[in-house]
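Visitor: I would like to learn how to read a structure like this one. Could you walk me through it?

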Amino acid sequence: MTLGTSPLHVQSFSNERYYVAEVVLQKLTISLIPSAVEAIENDDLLQEILSRLPAQSVFKFKRVAKRWQHLISEPRFSELWKPKCIAGLFFVTNWYSHYPTYNFMPLDNEIKATKMLHFKCLTANENPCGISIVQSCNGLLLCCSNYHNRRDSTCCNYYVYNPTTNKMRTLPRLQNSERKMTAETGTWRLSGDPFSFDNLILHDGVYWSGKIVWLNLQTETFFSFDVDKEEYGEMLLPKPPIEDEWRHYKIKYFNEWRGNLNLIRYSNTGKMQIYIFQLKEEQSEWIIKHHIDGDKLMRNNAHLFGNQDRYFLCILSLVHGEDSYLVLYIPGHVVAYHFRNKKIRKLSDLTLDLDDQHALSTLGWTDVHQYIQTFSHV
Amino acid sequence: MAIMYALKSSDNEIFEVEQKVIEQSETIKKMIEDGAATGEIPLQVSSKTLAKVLEWCKQRQHKTVENENDDNKGKRKKERDEDDDIKEWENKFSDELKADKDVLFDLLLASNYLDLPALLSFLCQLVADMVAGKMPEEIRRMFNIENDFTPEEEKAITAEHGWAFQP
């Protein structure tokens with residue numbers, strides 16, 4: 001099912017300019033390169049080339065010819081096309097209102113330029129209560145029709161939404177407990193026996209090396225569901241490191257990027273300290289990738305923090321890439337802290353009301369979802 | 001003494017190449033393993049293109065050999081320097097190809113035929129960068145592609161992905 005068009009989509013595209021361009025081109029003598037024509041006629045080569053284009057170009061080139069449209073729509077193409085970065089974040093504000101607000105923050109220049117507004121139309125579409133995001137995984141969002149009961153599968157509808165292609169599918173209603181759905185040959189089906197998470201506080205599941213991995217935030221142990229074998233059980237990964245002085249340190253972030261598992265442990269009591277860990281390739285231990293000292297950060301960026309006795313900051317997400325950074329909220333702003341040069345860059349202004357700020361200071365930011373571009377079918 | 005092979009281009013030029021260099025091509029490696037490669041190996045690649053292919057393979061080979069001879073001490077720094085060298089070499093290589101698109105696409109076809117994944121990937125990225133900002137009309141002209149959509153179908157695609165067509 002395709003969502004209703006947002007104002008952005010309705011805005012008609014003027015072809016006129018390009019007709020003019022075509023006429024001009026016709027007048028020029030264009031020398032065709034025979035080997036270029038031959039290469040492009042090869043389906044594999046064309047798919048390889050298209051899979052290295054930014055998403056925007058891929059969508060544009062669907063209009064070249066039917067063959068191009070077909071090659072882009074094939075499942076093989078969505079496997080070939082890999083996102084270069086985390087393109088944005090969805091996050092909630094106004095938790096306590098009846099209609100929490102979803103904000104979208106672009107992190108990638110391409111997204112900025114295109115002002116992707118799909119999500120606005122998602123929230124406005126057909127659900128008066130709004131749609132909330134339950135989880136994000138590899139670019140697909142699991143959404144739910146009832147924000148305040150979003151973990152209760154019996155009283156709301158679930159959708160799988162691909163914000164890149166703007167395609168959504170409604171999942172069959174579930175009867176009880178938490179289950180997983182996996183996509184197979186165009187249909188979503190229940191995967192494995194249902195299992196329950198009673199009395200466990202879990203971090204959102206992360207897809208990693210063929211398994212969905214959950215982190216139990218109380219025991220700090222892992223368990224997983226093997227997607228191919230449809231089996232679940234304890235997962236023997238080293239415990240996230242903890243030292244005596246870190247007693248109050250909580251795990252805030254647990255996610256995967258390019259095959260590496262990362263997690264963030266931080267303390268908000270007393271001195272703010274943030275440790276970013278990565279699981280070693282041989283899975284023997286978690287190593288500290290980065291450490292941020294909150295006091296130092298504030299001293300070095302007094303212009304952003306203002307003249308406060310007690311500063312406040314909150315982790316939104318880790319963003320990997322050539323120049324990795326941490327997205328943080330500090331009162332009034334969302335900022336990026338770059339590990340390489342230890343500098344803060346302002347991403348946007350954001351003022352939260354007191355209720356929200358109070359919730360953040362006790363719970364941390366709980367509803368943040370990464371937007372990763374993907375051509376996966378839903 | 002390194003084992004040498006003679007490659008024969010489509011225009012009958014002979015290239016003497018070390019086995020290690022040419023084994024990067026899965027196609028030729030298989031020919032050698034099957035024992036089909038005795039004497040000259042005839043290839044459906046022009047001498048101009050084959051020379052370019054070998055230029056790439058020799059550079060890659062050079063890199064692997066150096067890595068094998070390294071001890072661990074100072075390896076990281078050396079690797080970094082080498083990465084810079086390779087980047088520089090690749091930039092030069094791609095500049096030449098960008099200036100002569102005939103060679104670029106000949107090379108792309110050859111890398112596909114010879115099954116050289118690293119070169120293929122490198123070239124596909126070059127072509128992708130070359131076409132990325134273009135409009136469908138320009139692409140059709142560039143590759144002599146007939147527009148087989150009806151105006152309605154075209155409109156539908158534009159409407160579905162409106163944001164992508166914005167400048």
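**Reading the interface and the folds around it**

Guide: Gladly! Let us begin where the chains meet: the contact takes 43 residues from chain A and 44 residues from chain B. Keep in mind that this is a predicted model.

Visitor: How much area do chain A and chain B bury between them, and how much of it is on carbon and sulfur atoms?

Guide: Buried area is what two parts lose in accessible area on being put together, summed over both. Here chain A and chain B bury about 4400 Å², with 65% of it on carbon and sulfur atoms. On the side of chain A, the trio A:R52, A:K60 and A:R63 supplies 17% of the area buried against chain B, more than any other three residues.

Visitor: What polar links should I look for across this interface?

Guide: Start with the counts. There are 11 residue pairs in polar contact between chain A and chain B, both partners being at pLDDT 80 or more, and the salt-bridge rule finds four across the interface. One salt bridge joins the side chains of B:E160 and A:K167, at 2.4 Å from N to O.

Visitor: Which elements of chain A give two or more residues to the side that touches chain B?

Guide: They are helices α1 (7-10), α2 (16-27), α3 (34-41), α4 (43-50), α5 (55-61), α6 (66-73) and α8 (109-114) of chain A. The biggest giver is α3(A), with seven residues. By residue class, that side of chain A divides into 20 nonpolar, 12 polar and 11 charged.

Visitor: How do I read a single salt bridge?

Guide: Ask how far apart the atoms are, where the partners sit and how covered they are. The closest N and O atoms of B:E153 and A:K66 are 3.6 Å apart. B:E153 lies in helix α8 (residues 151-160) of chain B and A:K66 in helix α6 of chain A, so this pair joins two chains. B:E153 is partly exposed at 31% relative accessibility, and A:K66 is partly exposed too, at 36%.

Visitor: What does the salt bridge of A:E220 and A:R265 tie together?

Guide: In that pair the closest N and O atoms are 2.7 Å apart. A:E220 lies in the loop between β10 (211-215) and β11 (222-226) of chain A, while A:R265 is in strand β14 (residues 260-267), so the bridge ties together parts that are 45 residues apart in sequence. Both partners are buried.

Visitor: Which residues are linked in a network of salt bridges?

Guide: A:D44, A:E48, A:R52 and A:R76 are. Over all chains, a search of the whole structure finds 20 salt bridges.

Visitor: Now the strands. How do I read the pairing around β4(A)?

Guide: Look at the partners, their direction and the facing residues. Strand β4 (residues 140-144) of chain A runs antiparallel to β3(A) (residues 132-137), joined by five bridges, and A:C137 stands opposite A:L140. These two strands form a hairpin with two residues between them, and A:N138 in the turn has a positive phi of about 50°. Four bridges join β4(A) to strand β5 (residues 158-162) of chain A, again antiparallel, with A:C144 opposite A:Y158.

Visitor: Is β4(A) mostly covered or mostly uncovered?

Guide: Mostly covered: four of its five residues are buried.

Visitor: And in a loop, is B:S9 buried or exposed?

Guide: B:S9 sits between β1 (4-8) and β2 (14-18) of chain B. With a relative accessible area of 2%, B:S9 is buried. Among the residues that B:S9 touches are B:F15, B:L43 and B:L50.

Conventions: Residues are numbered from 1 along each chain as its sequence is written. Chains are lettered from A and ligands numbered from 1 in the order in which they are written. This is a predicted model: local features need pLDDT of at least 70, side-chain atom pairs count only at pLDDT 80 or more; totals for chains, interfaces and linings use all residues. Side-chain values use heavy atoms; hydrogens and water are left out. Buried means under 20% relative accessible area, exposed over 50%, partly exposed in between (1.4 Å probe, protein chains only). Two strands pair if DSSP finds at least two bridges between them. Contact means heavy atoms within 4.5 Å. Buried area is the accessible area (1.4 Å probe) that two parts lose on being put together, summed over both. A polar contact is a pair of N or O atoms within 3.5 Å; within protein, one must be able to donate a hydrogen and the other to accept it, and residues adjacent in sequence count only if both atoms are side-chain atoms. Ala, Val, Leu, Ile, Met, Phe, Trp, Tyr, Cys and Pro count as nonpolar, Asp, Glu, Lys and Arg as charged, and the others, Gly among them, as polar. Lists of a residue's contacts leave out its neighbours within four places in sequence.
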